[in-house]
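Good morning, and thank you for coming. I would like to take you through one structure today, beginning with a single residue and ending with a helix.

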Amino acid sequence: MKQRLREQARRRTAPAGASEAIQRRLLAQDWWAVAFRFGIYRSTPSEPSTEALLADLLARGAQVAVPVRRGVEYGWGRVEADTRWRKGAHGIWEPVRAEPVAPGDLRVVLVPGVAFDAQGGRLGHGGGHFDRLLAQGDALRVGLCFEARLAAAVPMESHDIRMDVVATEKRMIFAPAAAAKLERLTG
């Protein structure tokens, strides 16, 4: 079931400008400006871009961490404006060197996926790497998704982690659990 949904979602292309629209939508959120400890992914060509978001965070001096492969698993690694990057596993940009960051230190985590649903369900690329990263903290989890890849329902298993927010180029979808986390951010 999950593999078929992955194949279907990957065939759905995003309209021109969709990544930029998602990023503008996030930058306009009041909680974006007040949260200073972020986990953010570096996108592949098939995912919503995070480049403008990363640039904004680094320009305003936010504490930023990205997933860094450590052996067969991933952890969070701190990056700064002068970080040097290299292509890592799966062609994803990773810092050449990064100080480890504890997952509990992050307040907002931007999450990639192949498909999402309006209930916060997320379908990853398979392997559970991001689910294991997300299970270690209690940050506001924000899935970035092209509207064309929103599914009616993503099949979820016990180890799958739901998103608190799903951001598309057309809308922001907030799960009920997001309210308490947003209150902590904006206090």
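**A buried aspartate and its surroundings**

Let us begin at Asp117, which belongs to strand 8, the run covering residues 115-117. Please bear in mind throughout that this is a predicted model.

Which side chain of opposite charge is nearest to Asp117? It is Arg162, at 4.1 Å. A salt bridge requires a side-chain nitrogen of Lys or Arg within 4 Å of a carboxyl oxygen of Asp or Glu. Asp117 therefore has no salt bridge, although it is buried.

What, then, does the side chain of Asp117 reach? One partner is the backbone nitrogen of Gly121, at 2.7 Å. Another is the backbone nitrogen of Val154, which lies 2.8 Å from a polar atom of the Asp117 side chain. Leaving aside residues up to four places away in sequence, Asp117 touches a run of neighbours, Leu150, Ala151, Ala152, Ala153 and Val154, together with Arg162 and Val166.

**The two sheets**

Allow me to move outward from the residue to its strand. Strand 8 sits in an open sheet of three strands, ordered 9-8-11, with mixed pairing. The edges of this sheet are strand 9 (122-123) and strand 11 (150-151), each of which pairs on one side only. Between strand 8 and strand 9 there are two bridges, and the pairing is antiparallel. Within that pair, Phe116 stands opposite Arg122 of strand 9.

As a general reminder, the strands of a sheet pair through backbone hydrogen bonds, in either a parallel or an antiparallel manner.

There is also an open sheet of eight strands, again with mixed pairing, in the order 6-3-2-1-7-10-12-13. Its edge strands are strand 6 (100-101) and strand 13 (172-174), and each pairs on one side only. How many bridges join strand 2 to strand 3? There are seven, linking residues 63-70 of strand 2 to residues 73-79 of strand 3, and the two strands run antiparallel. To give one example, Val64 has Val79 in strand 3 as its bridge partner.

**Helix 4**

I close with helix 4, which spans residues 51-59. Which of its leucines are buried? They are Leu53, Leu54 and Leu57. Why do these three share a side of helix 4? They cover an arc of only 100° around the axis, and so they lie on the same side of the helix. After helix 4 comes Gly61, which has a positive phi, near 75°.

Thank you; I would be glad to take questions.

Definitions and conventions. Residues numbered from 1 in each chain as written. Predicted model: local features only at pLDDT ≥ 70, side-chain atom pairs only at ≥ 80, totals over all residues. Heavy atoms only, no water. Buried < 20%, exposed > 50% of the residue type's maximum accessible area, 1.4 Å probe, protein only. Helix = DSSP H or I, 4+ residues; strand = E, 2+ residues; numbered from the N terminus. Arc of directions from axis to C-beta. Lys, Arg positive; Asp, Glu negative; His and termini not counted. Polar contact = N/O pair within 3.5 Å; in protein donor to acceptor, adjacent residues only side chain to side chain. Contact = heavy atoms within 4.5 Å. Pairing = 2+ DSSP bridges.
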